[in-house]
Amino acid sequence: MGSADSKLNFRKAVIQLTTKTQPVEATDDAFWDQFWADTATSVQDVFALVPAAEIRAVREESPSNLATLCYKAVEKLVQGAESGCHSEKEKQIVLNCSRLLTRVLPYIFEDPDWRGFFWSTVPGAGRGGGEDDDENARPLAESLLLAIADLLFCPDFTVQSHRRSTDSAEDVHSLDSCEYIWEAGVGFAHSPQPNYIHDVNRMELLKLLLTCFSEAMYLPPAPDSGSTNPWVQFFCSTENRHALPLFTSLLNTVCAYDPVGYGIPYNHLLFSDYREPLVEEAAQVLIVTLDHDSATSASPTVDGTTTGTAMDDADPPGPENLFVNYLSRIHREEDFQFILKGIARLLSNPLLQTYLPNSTKKIQFHQELLVLFWKLCDFNKKFLFFVLKSSDVLDILVPTLYFLNDARADQSRVGLMHIGVFILLLLSGERNFGVRLNKPYSVRVPMDIPVFTGTHADLLIVVFHKIITSGHQRLQPLFDCLLTIVVNVSPYLKSLSMVAANKLLHLLEAFSTTWFLFSAAQNHHLVFFLLEAFNNIIQYQFDGNSNLVYAIIRKRSVFHQLANLPTDPPAIHKALQRRRRTAEPLSRTGSQEGASMEGSRPAAPAEPGTLKTSLVATPGIDKLTEKSQVSEDGTLRSLEPTSQQSSADGSPTAEEPGQAWREQRRLSSASASGQWSPTSEWVLSWKSKLPLQTIMRLLQVLVPQVEKICIDKGLTDESEILRFLQHGTLVGLLPVPHPILIRKYQANSGTAMWFRTYMWGVIYLRNVDPPVWYDTDVKLFEIQRV
């Protein structure tokens, strides 16, 4: 039968279904078989031939027929899984049912009345079809999920058969799927022959699996993110005998993928890469199965036990979700190396610049990879320590900074900005990250930033400066995070370049203008963060940082202005008036922008009409992080439970958004319109805590000496002054060094909910062919146009 006839017959069946007003018996095989037995329709055909309006019409007008269609399609998948799909016809039926269910499920989820349907048992759907069988019948959802799992390890359908031609077919029930893992890597050494057909079949089944999991999109974001997704919960439980091999298959398929192939230019133009869609689908299924709020659950301990398996058998057993459990127990160095190399290779792929335009394939799933990397670091502390153990962490840092810089002007990519910053915040809580940043930056990835010579720390500061001064308005909530990262790494930065030093001072200048300080209750925190970073560098890394010291001396007026900040009502009023005239968020003046790197494109705003999904608000920096003090031996001591401690330079460590905010509400007046307005008491409450002592002392000692050199030698030449500063010392002249404070990321349900909305938003927007969720009534986020 030709494909045109096949489509026609399928369409006839759909029309019959939508026009029948009477329920069709489940036993009427002649009718139901039209949907899957005699047709060969692609998933795109199914989407075209089963319009949304008709699915909704059947749902409203003849619900029992929609129920029977779903039940019969699941039954066919179960039969295929039981029999092992040996004939071509059986394989075709499984694929047809899989496509049909992918099409219909979102319309079941969007209607609250149908939500329990898949979790109910269908009368007469017992194992043998007899009446007494109803007792042990499984809910439809469970039968469907187990059938998908079985079908993903079905010899000659989704995996290579191991039998010789003389053997009889492998028995699906006794088959050990751990011998059929899809790709070498974690816990599996054998790399099966690539097989196009198997990849395509896996992809279809994974798309159906992802569609099952997507019920989460139809529930509004709940404040208590403890609500687990029942589909994921069951699929990742011990009920699924393939949980371990499937987790390993998905992880290895993603991490082993090399989009550049065999290094042959233009390779991707000659061969359509059928692996990439599978890898994308695998990455999406993986991050959804790992959607687990680590803040509310017992997370597995990190201890040194190693066993002979790829998974660590440490106690306690850890979360019920086996995928999270397995991920948290990976512990072998070679497995960590394989995962890290794979993710770094894929994240760096869009940055690959070659002399031949379009000669390398660019992957599009970097957002899924960033979520996966986040989950790995969050659930497996040994992996996090491994990442930071060598300079390999820089292979994650550079692409992350590239994405942040590239997306800074694009409103549709605000979620990408957040995940990138969250990852850097998580890494910056570990001392090793700061130390690694001192490695010289020589990779010349074309980026729309000033050219500089220096280290990875300089790159990070230059990119952060670019985000703050030329990103769009919606990035303001991230400023606290960006500067927290700078503070966390500052005690370890051996030598900032002149470019980076000037950028930091330009930020201080912009953030310490009176109108900025007085225009919002939280803005002064940014000045506190920058002063803390300067203090850390002066106290702990003075010797190599003559560029920063020179920049501070040149911009000394900024520090004097801060020390003499006006606090009387008329001055506050005047500062705010000035603001109304200049609507510019941060002045771009005062920062000499050098030429951007060669070959770079300016960060562009989104094309008008670009779709984006809304995100829930992220918690403030005080909720996101937990303060710890670094002891002499380098260990961290948490400072959280105690309040109002003072650090050595007199700034209370409690000068943080949480307490300070309540204090500020008390001190500032909120007018009738609910508009916040600053008062003298409020300005005084934090002005007195500005940690300026160290810098004022530095200026007091060095400025007269530098001025003397200039007068004596008639100098306007920086190099002579820098040489003097390089050899100068402030030993014994500065206040006692303050303890180093690190603000470490801490898991909380607010970020767990943010990740859930972000991840599903990415999946929604990236699945356009076929458009699985488009135009359905999703509740987790809103779809907006830029």
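**Exercise 1. The surroundings of W231**

Decide whether W231 counts as buried or exposed.

*Solution.* The relative accessibility of W231 is 0%. A residue is called buried when its relative accessible area is under 20%, so W231 is classed as buried. The model under study is predicted, and this value, like those below, is computed from it.

**Exercise 2. An aromatic pair between W119 and W231**

State how many aromatic pairs the structure holds, and classify the pair W119 and W231 by its geometry.

*Solution.* Step one is the count, which comes to 35 aromatic pairs. Step two is the geometry of one of them: the ring centres of W119 and W231 are 5.3 Å apart, and their planes stand at 70°. Planes over 60 degrees apart count as edge-to-face, so the pair of W119 and W231 is edge-to-face.

Step three places the two residues in the chain. W119 belongs to the loop between helix 6 (88–109) and helix 7 (140–151), while W231 belongs to helix 9 (residues 230–235). The pair therefore ties together parts that lie 112 residues apart in sequence. Step four compares exposure: W119 has a relative accessible area of 26% and is partly exposed, whereas W231 is buried at 0%.

**Exercise 3. A second pair, F373 and F383**

Find which helices the pair F373 and F383 links, and describe its geometry.

*Solution.* The aromatic pair of F373 and F383 is edge-to-face, with 6.1 Å from centre to centre and 70° between the planes. F373 is in helix 15 (residues 366–379) and F383 is in helix 16 (residues 381–389), ten residues apart. F373 and F383 are both buried.

**Exercise 4. From the ring cluster to the nonpolar core**

Name the members of the ring cluster that includes W231, and follow F118 into the nonpolar core.

*Solution.* Ring pairs join F109, W114, F117, F118, W119, Y218 and W231 into a cluster. One of these residues, F118, is also listed with F35 and W760 as having the most contacts inside the largest nonpolar core, a core of 245 residues. When neighbours within four places in sequence are left aside, the contacts of F118 include C70, V74, L105, I108 and W231.

**Exercise 5. The sheet of three strands**

Give the strand order of the open sheet, and explain why strand 3 and strand 6 stand at its edges.

*Solution.* The open sheet is built of three strands in the order 3-2-6, with antiparallel pairing. Strand 3 (636–638) and strand 6 each have a single partner strand, so each has one side without a neighbour in the sheet. Neighbouring strands here are turned by 45° against each other on average, direction ignored.

The next step is to look at one pairing. Strand 2 (residues 625–630) and strand 6 run antiparallel and share five bridges. Within strand 6, R743 is the bridge partner of K627, and L741 stands opposite Q629. The last step concerns cover: four of the five residues of strand 6 (residues 741–745) are buried, so this strand is largely enclosed by the rest of the structure.

**Exercise 6. A residue in helix 27**

Establish where A575 lies and which residues it touches.

*Solution.* A575 is part of helix 27 (residues 569–581). Its relative accessibility is 1%, and A575 therefore counts as buried. Residues up to four places away in sequence are not counted here; with that condition, A575 touches T514, W515 and F518. A575 and L517 are separated by 58 residues in sequence and by 9.2 Å from C-alpha to C-alpha.

**Exercise 7. Unusual backbone values**

Identify where D156 and D775 lie, and which peptide bond ending at P770 is cis.

*Solution.* Most residues other than glycine have a negative phi, and most peptide bonds are trans. D156 has a phi near 70°; this residue lies in the loop between helix 7 and helix 8 (196–213) and is partly exposed at 35%. D775 has a positive phi of about 60°. The loop between helix 33 and strand 7 holds D775, which is exposed at 63%. P770 is found in the loop between helix 33 (749–766) and strand 7 (783–785), and the peptide bond from D769 to P770 is cis, with omega near 0°.

**Exercise 8. The chain as a whole**

State how many helices and strands the protein chain has, and what share of its residues is buried.

*Solution.* The protein chain has 33 helices and seven strands. Of its 786 residues, 57% are buried. Among contacts between residues at least 6 apart in sequence, 78% join residues at least 24 apart. The accessible surface is about 32700 Å², and carbon and sulfur atoms account for 53% of that area.

Note on methods:
Residues numbered from 1 in each chain as written. Predicted model: local features only at pLDDT ≥ 70, side-chain atom pairs only at ≥ 80, totals over all residues. Heavy atoms only, no water. Phe/Tyr/Trp six-rings, centres within 6.5 Å; stacked < 30°, edge-to-face > 60°. Helix = DSSP H or I, 4+ residues; strand = E, 2+ residues; numbered from the N terminus. Buried < 20%, exposed > 50% of the residue type's maximum accessible area, 1.4 Å probe, protein only. Contact = heavy atoms within 4.5 Å. Areas by Shrake-Rupley, 256 points an atom, 1.4 Å probe, with all protein chains shown as cover. Pairing = 2+ DSSP bridges. Core = buried A, V, L, I, M, F, W, Y, C linked by side-chain atoms within 4.5 Å. Axes fitted to C-alpha atoms, helices over the stretch in contact; angles between N-to-C directions.
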